[in-house]
Amino acid sequence: MNKEILSALSELEKEKGIRKDVVLEAIKAALETGYKKNFSKATNFSIDIDEENGEYRLFQDKVVSEIIENPNQEITLGEARAIDSKYEVGDIVKIEIKPKKDFGRIAAQTARQVILQKIREAERESIFSEFYGRESDILTGIVQRESKGNIYVDLGKIEGIITPGEQIPGEVYNTGDRIKTVIVEVKNSGKGASIMLSRSHPNLVKRLFELEVPEIHDGTIEIYSISREAGSRTKIAVFSHDPNVEPIGSCVGNKGVRVKNIIDEISQEKIDIIIYDKDPEKFIANSLGPAKIVKVTANEKEKSAVAVVPDNQLSLAIGKEGQNVRLAAKLTGWKIDIISETQEKERSSEEEV
């Protein structure tokens, strides 16, 4: 060890917040282990490092004993008092010994290895701390590569991972593409922080609306809920805290520019913007758009509802493979059955009989 290493430790403390005394303790422990491994089978060695000049001193710790059974670990009371008259039986005497010839080189190498290790640990911890607790935050990154179906995205300080299940079905990711994602999970493993990203999560659409619509960002318009089938369709329910601000118009933007920017970002996925209403029957009717709803009968206790639609609107209300009603149910949190006006009349006739 030398003053250059001490200087490096001081810089580390300033730049990365790695405490100098913590690194020195780690170096001491590594040097003690290295000495025992390479130069002595005994375990009673310790090292002191001068924090001013970087010099180290090697000591063998011996117990003051009346009867010596192991000279490597014990010292007589007379020998101990020749060093210091205050020693008593049972005390530990630190006897300085001259390090082996090659130990200086090992010490320097060990110090550098410990410093590099501490730098890596600090950087991993710094990255983890930066991202921990930010689940659902939106991030912009650059596609780096694909491996085993996973997409790796450069986020600046770290790579994020989009697993196959978090990708938009059918979306192609080319190296160099700039994409927006949301954080779904932050892990801290032995290899450092791991940032799991998503392109398919409903929160991506929510964050995009917050970025694109100032009225949502400032809280004038609030997003009540979102249901999404990534790559196909999303329904988003909004309402305004200001009666003078129309929520759907604000989300769509002048000539549709705001919602178009969001649709472009998520590979032309369809987006239905609907009005949230405290009245569940009105909310359910709105959620089934673009179909026209004749009426909705809600059962509050079972949280189920029956929506009646014109005969020619039945397939539209249900949607392709049931998608429209399925998304409406997720959006509202209600079980929804769709029937046509003809079916309703038939039900009524059967009940009358």
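**A five-stranded barrel, a three-stranded sheet and helix H11**

Strand E6 is mostly covered, with 4 of its 5 residues buried. The model in which this is seen is a predicted one. E6, which spans residues 150-154, pairs with strand E5 (residues 138-147) in the antiparallel sense over 5 bridges, and within this pairing Val143 has Val153 of E6 as its bridge partner. The hairpin formed by E5 and E6 has 2 residues between the strands, and there Lys148 takes a positive phi near 55 degrees. To strand E7 (residues 159-162), E6 is joined by 4 bridges, again with the strands running antiparallel; here the bridge partner of Asp154 is Glu159 in E7. In the hairpin of E6 and E7, which has 4 residues between the strands, a positive phi near 105 degrees is taken by Gly156.

These strands belong to a closed barrel of 5 strands, which runs E5-E6-E7-E9-E8 and has mixed pairing. Neighbouring strands of this sheet are turned against each other by 50 degrees on average, direction ignored. Helix H5 (residues 202-212) packs on the sheet, where it touches E5, strand E8 (178-189) and strand E9 (192-198), and its direction makes about 125 degrees with that of E8. E5 and E8 run antiparallel and are joined by 5 bridges, with Ile138 standing opposite Val182 in E8. Between E8 and E9, which also run antiparallel, there are 7 bridges, and the bridge partner of Ser189 is Gly192 in E9.

In soluble globular proteins, nonpolar side chains tend to be buried together. The largest nonpolar core of the model has 38 residues, of which Ile195, Phe209 and Ile271 touch the most other members. When residues up to four places away in sequence are not counted, the contacts of Ile195 are Phe131, Leu155, Ile158, Gly160, Ile161, Ile183, Glu185 and Val186. Apart from this core lies another, of 20 residues, among them Leu9, Leu12, Leu58 and Ile106.

Further along the chain, 3 strands form an open sheet with mixed pairing, in the order E13-E14-E15. Strand E13 (295-299) and strand E15 (335-340) stand at its edges, and each has a single partner strand, so one side of each is left without a neighbour in the sheet. From one strand to the next, the twist averages 20 degrees. Strand E14 (residues 304-309) is joined to E15 by 6 bridges, and the two run parallel; in this pair, Val309 stands opposite Ser340 in E15. Helix H9 (residues 280-287) lies across E13, E14 and E15, running at about 125 degrees to E13.

H9 also packs with helix H11, at an angle of about 145 degrees and with the two axes 9 Å apart, in a crossing that is right-handed. At this contact, Phe283, Ile284 and Ser287 in H9 meet Ala328, Leu331 and Thr332 in H11. By class, the contact comprises 4 nonpolar, 2 polar and no charged residues.

H11 is itself mostly covered, 7 of its 10 residues being buried, and these are Gln323, Asn324, Val325, Leu327, Ala328, Leu331 and Thr332. The three residues of H11 that meet H9, namely Ala328, Leu331 and Thr332, are thus found in the buried set. What covers the buried residues of H11 includes, besides H9, strand E10 (221-229), strand E11 (233-240), strand E12 (270-275), helix H10 (314-318) and E15. Just after H11, Gly333 takes a positive phi of about 80 degrees.

Within H11, which spans residues 323-332, lies Gln323. Burial is taken as under 20% relative accessible area, and Gln323 counts as buried because its relative accessibility is 11%. Not counting residues up to four places away in sequence, Gln323 touches Glu229, Ser232, Arg233 and Ile318. The C-alpha atom of Gln323 is separated by 16 Å from that of Ala285, a residue 38 places apart from Gln323 along the chain.

How values were computed: Residues numbered from 1 in each chain as written. Predicted model: local features only at pLDDT ≥ 70, side-chain atom pairs only at ≥ 80, totals over all residues. Heavy atoms only, no water. Pairing = 2+ DSSP bridges. Axes fitted to C-alpha atoms, helices over the stretch in contact; angles between N-to-C directions. Contact = heavy atoms within 4.5 Å. Core = buried A, V, L, I, M, F, W, Y, C linked by side-chain atoms within 4.5 Å. Buried < 20%, exposed > 50% of the residue type's maximum accessible area, 1.4 Å probe, protein only. Left-handed = near helix turned anticlockwise from the far one by under 90°. Nonpolar A, V, L, I, M, F, W, Y, C, P; charged D, E, K, R; others polar.
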